[in-house]
Structures are given as structure tokens and as C-alpha cells.
Amino acid sequence: LGRCASARSARGMSFADREIFKSVQQSRAFTVGSHIASRITPRTVIPVALPIVHDGQFRGMCGVGLSLRGMVDQLASPQSAGPAGVALVDRDGAPLGGDPRAVAALPVPSRLAGAIASRQSSFAEYAQNGATYEYAIRPLASGSLFAIGAVAVDRSFTALLLEWWEFGLILVAGGILLAALSLGTE
């Protein structure tokens, strides 16, 4: 039986016929399902669920439907813009949502589709905006939707010097801290 704290109409509703229920029942593990039409709201959702197991027996599941519209709105928010961004794409590499600057930071769809098909979790490539980016791919809805994270790759001498300078400062500060600790213990 389904119980929902956010919608009274879900009380007593059965989800046993849903694919997510059968997957959780068989795997007895956290499961992310394929996007489906919600029975509770007029939206498309990605169901995620955990099994409820008592004394080794499967007793049901605790699930949530994540709104695709909400995910797209979150990805399109201004905080995803900048040197790093996130976009939502389908299996063919076609962008479905996200900040317009993050979408421009994606490689051509055929390159993304190839990376998705070969199950690459990360790669570096030139984006459609001409800059070089490091990409991370994470599947969302049973392999039909993917979140693509893009971080600009700056290989200039100045950027490398700045990175090593920060690392050097951390080492120096650590050395000073260790020296102060050793003097304090004596």
C-alpha cells in the first residue's frame, strides 16, 4: 500500500503493478526507475525507492517520485552558470534542459551519444562554444536520461602556477601547524 505525506489522494493506493516495485522487490536494494507518469500529480516523475524488509521478508517499499520538471527548473537556475555547469541530456546526447551556458558548454550530441553508449563516466573534449571542458556523465532514469557535468579546463601556465601556489601554501601552513604542535607538546 502507498502512503504519502504530501497528498491525501495517495492513501491506500497500490503501486505493486509499477516496474519500480517489482525491481525493488527482486533486488532488495535502492533503485532508480524509468521516468513515468505520476498517479498522484499530473507530472512525469523518476521513481526512486528503498525496500522495506522485516525478518528477511520483503514487506513493501518506501518510494518518492522526483519531478522531471523540478529537475529541469533546478538545472536552469543561474547558480549552474560559470566555470562549471550541469545539463540534462537524453541517450542521443540531445540537451533536454539546464542553464543555456551549460548547454553551450556541451560537445556535439553525437560525441555525447558515443560516450553514453560506451559507458564512459568522464572525458575531455572541445565544447560547442570552442573551449575545452572535462565532462562527467551520470545516468538518471534507468539509462534514458543523463546528467552531464562540465568543468572548464584551463591549461595556461598562469592557471597551473596558481594551482601549485595554493598547494604550496597548504604545505607551508601544515608545516607551521606541525611545528607549533611539536613545540607545544614539549
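The following legends describe close-up views of a predicted model.

**Figure 1. Overall architecture of the predicted protein model.** The secondary structure consists of five helices and nine strands. Read from the N terminus, these elements follow the order α-β-β-β-β-α-β-β-α-α-β-β-β-α. Of the 186 residues in the protein, 29% are buried. The accessible surface amounts to about 11,900 Å², and carbon and sulfur atoms contribute 61% of that area. Among contacts with a separation of 6 or more, 32% join residues that are 24 or more positions apart.

**Figure 2. The largest nonpolar core and the surroundings of Val 89.** This core comprises 15 residues, and those with the most contacts inside it are Val 89, Leu 106, Tyr 135, Ile 137 and Ile 148. At least two of its residues come from each of strand E5 (84-90), helix H4, strand E8 (132-139) and strand E9 (145-152). A second, separate core has six residues, including Ile 20, Val 24, Ala 49 and Met 61. In soluble globular proteins, nonpolar side chains tend to be buried together. When neighbours within four places in sequence are left aside, the contacts of Val 89 are Ala 94, Pro 95, Leu 96, Leu 106, Leu 112, Ile 116, Ser 144, Leu 145, Phe 146 and Ile 148.

**Figure 3. The salt bridge between Arg 111 and Glu 125.** One salt bridge is counted in the model. In this pair, Arg 111 and Glu 125 have their closest N and O atoms 2.8 Å apart. Arg 111 belongs to helix H4 (residues 109-117) and Glu 125 to strand E7 (residues 122-126), so the salt bridge ties together parts that are 14 residues apart in sequence. Arg 111 is partly exposed, with a relative accessible area of 25%. Glu 125 is likewise partly exposed, its relative accessible area being 25%.

**Figure 4. Thr 31 and its contacts.** Thr 31 is located in strand E1. Its relative accessibility is 13%, and because buried means under 20%, Thr 31 counts as buried. A polar atom of the Thr 31 side chain lies 2.9 Å from the backbone oxygen of Ala 29. Beyond neighbours within four places in sequence, Thr 31 is in contact with Ile 20, Ser 23, Val 24, Pro 47, Val 48 and Ala 49. Among these contacts, Ile 20, Val 24 and Ala 49 are included in the second, separate core of six residues.

**Figure 5. A nonpolar patch on the surface.** Phe 30, Val 32 and Leu 50 make a nonpolar surface patch of about 270 Å². Val 32 is part of strand E1 (residues 31-32). With 31% relative accessibility, Val 32 counts as partly exposed, whereas Thr 31 in that strand is buried.

**Figure 6. Positive phi values at Arg 28 and Asp 55.** Most residues other than glycine have a negative phi. Arg 28 has a positive phi, near 50 degrees. This residue, Arg 28, sits in the loop between helix H1 (19-27) and strand E1, and is partly exposed with a relative accessible area of 41%. Asp 55 also has a positive phi, near 55 degrees. The loop that holds Asp 55 lies between strand E3 (44-54) and strand E4 (57-67). At 68% relative accessibility, Asp 55 counts as exposed.

**Figure 7. Ala 105 in the loop between helices H3 and H4.** The loop containing Ala 105 joins helix H3 (100-104) to helix H4. Ala 105 is buried, with a relative accessible area of 4%. Not counting residues up to four places away in sequence, Ala 105 touches Ala 127, Asn 129, Tyr 133, Tyr 135 and Ala 150. One of these, Tyr 135, is listed among the residues with the most contacts inside the largest nonpolar core. The C-alpha atoms of Ala 105 and Glu 134 are 10.0 Å apart in space, while the two residues are 29 apart in sequence.

**Figure 8. Gly 114 in helix H4.** Gly 114 is placed in helix H4 and, at 35% relative accessibility, counts as partly exposed. From C-alpha to C-alpha, Gly 114 and Arg 91 are 9.3 Å apart in space, with their positions 23 residues apart in sequence as the separation. Helix H4 also holds Arg 111 of the salt bridge with Glu 125.

Technical notes
Residues are numbered from 1 along each chain as its sequence is written. This is a predicted model: local features need pLDDT of at least 70, side-chain atom pairs count only at pLDDT 80 or more; totals for chains, interfaces and linings use all residues. Side-chain values use heavy atoms; hydrogens and water are left out. Patches are made of residues with over 30% relative accessible area and no salt bridge: like charges are joined within 9 Å, nonpolar side chains (Val, Leu, Ile, Met, Phe, Trp, Tyr) within 5 Å. Accessible areas come from the Shrake-Rupley method with a 1.4 Å probe; for residues, only the protein chains shown count as cover. A salt bridge is a side-chain nitrogen of Lys or Arg within 4 Å of a carboxyl oxygen of Asp or Glu. Helices (H or I, at least four residues) and strands (E, at least two) are DSSP runs, numbered from the N terminus. Buried means under 20% relative accessible area, exposed over 50%, partly exposed in between (1.4 Å probe, protein chains only). A polar contact is a pair of N or O atoms within 3.5 Å; within protein, one must be able to donate a hydrogen and the other to accept it, and residues adjacent in sequence count only if both atoms are side-chain atoms. Contact means heavy atoms within 4.5 Å. A nonpolar core is a set of buried Ala, Val, Leu, Ile, Met, Phe, Trp, Tyr and Cys residues joined through side-chain atoms within 4.5 Å.
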